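Me: Could you walk me through this model, one question at a time?

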Amino acid sequence: MADERQERQAALLLSGIAMAFRLAWALAVFRGNPGGIFQPDSLTYWRIAENLVTHGRFSASPSLPLEPLHLVTPLYPLFIASFLKTGLGALSLILGQALLSSASCVLAMRLCRKLGAGLRASFLAGLLLALDLPSIVMANAVLTETLFSFLFLAAAHCVFSQRLPWAGFLAGLATLCRPIAAFFPFPLVGCLALLRPKAKPSALAAYLGVYLLAVSPWILRNAIVFHKPFMSSSSTQTLLYAHGAGIRAELDGVPIEEAQARLRKEAAQNLAGTPVPMPLDLDRPNHIEKRLALSIIRKHPWLFLRN
């Protein structure tokens, strides 16, 4: 009982410290530069949320007609839309993210406890996250990192608490927040099999089953709209406009934004010169962008590896 009370007290102290630092940063941002919460990707998320609230359509188009979107997964725009729907603005979104970020620090501490660490070492792990500057900054930006970190830590905590259906559901939500999480459920199951060898196969199957149920509506939506089941097309975009643009920026001696603009123009020119099989065909632009990215990487593999 005493240990549980000490752990609750440590969790309260940790969440208070984390919240204080995040609110202090938020105050500085909103007083000095309120627009600082918006990064380049933020505007896309915000516009999708506005279109969801106003038109009920998942699109980043600034005006009608609204083109369906496949680059972004739905959870974070829906998270923003929940604040917009109730008439709450950007400040309330940032406060909500500060709460989630503070909760992530407590989850980190409790996850360490589940893995066998003592209370002091676990508290230190949570404190390091509470004082982590990137975590503080991301909690005050309209970006997916804070929501994703909370969901992933919550899923991992549920795995090692033997609450596997909940773990599968939370891992599914994390994937709908950032598609990179699609690779996480299987290593988590492997860790569980090593650390908890007595876990029942039926429980592991329930974990994966609930995970697939959580992500399947979005995959089904894409199959209906774009005639192909997939989670997101962001991998191709990252390959060309992050890795490819980074190589071009270094070779041409220009900022990466300029390199990205040039690559978009080049991809659009290549796209314009190919036949159009259907209005919402996904493979055609993806294939062209992927081919362009791989051609750059093949010519400069060492720059790719270094960057």
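Me: Which helix holds Leu95?

Reply: Happily! First, this is a predicted model, where local features need pLDDT of at least 70, side-chain atom pairs count only at pLDDT 80 or more, and totals for chains, interfaces and linings use all residues. Residues are numbered from 1 along each chain as its sequence is written, and side-chain values use heavy atoms, leaving out hydrogens and water. Helices are DSSP runs of H or I, at least four residues, numbered from the N terminus; Leu95 is found in helix 4.

Me: How far apart are the end C-alpha atoms of helix 4?

Reply: Helix 4 covers residues 90-114, which is 25 residues. The expected span is 1.5 Å times one less than the number of residues, so helix 4 should span 36 Å. The model agrees, with its end C-alpha atoms apart by 36 Å.

Me: Which helix gives the largest share of the largest nonpolar core?

Reply: A nonpolar core joins buried (under 20% relative accessible area) Ala, Val, Leu, Ile, Met, Phe, Trp, Tyr and Cys residues through side-chain atoms within 4.5 Å. The largest one has 54 residues, and those with the most contacts inside it include Leu93 and Leu147. Helix 4 and helix 10 (201-226) are among the elements giving two or more residues to this core. The largest share, 10 residues, comes from helix 7.

Me: Which residues does Leu93 touch, leaving out those up to four places away in sequence?

Reply: Contact means heavy atoms within 4.5 Å. With residues up to four places away in sequence not counted, the partners of Leu93 are Trp46, Tyr76, Phe79, Ile80, Phe83 and Val142.

Conventions: Buried < 20%, exposed > 50% of the residue type's maximum accessible area, 1.4 Å probe, protein only.
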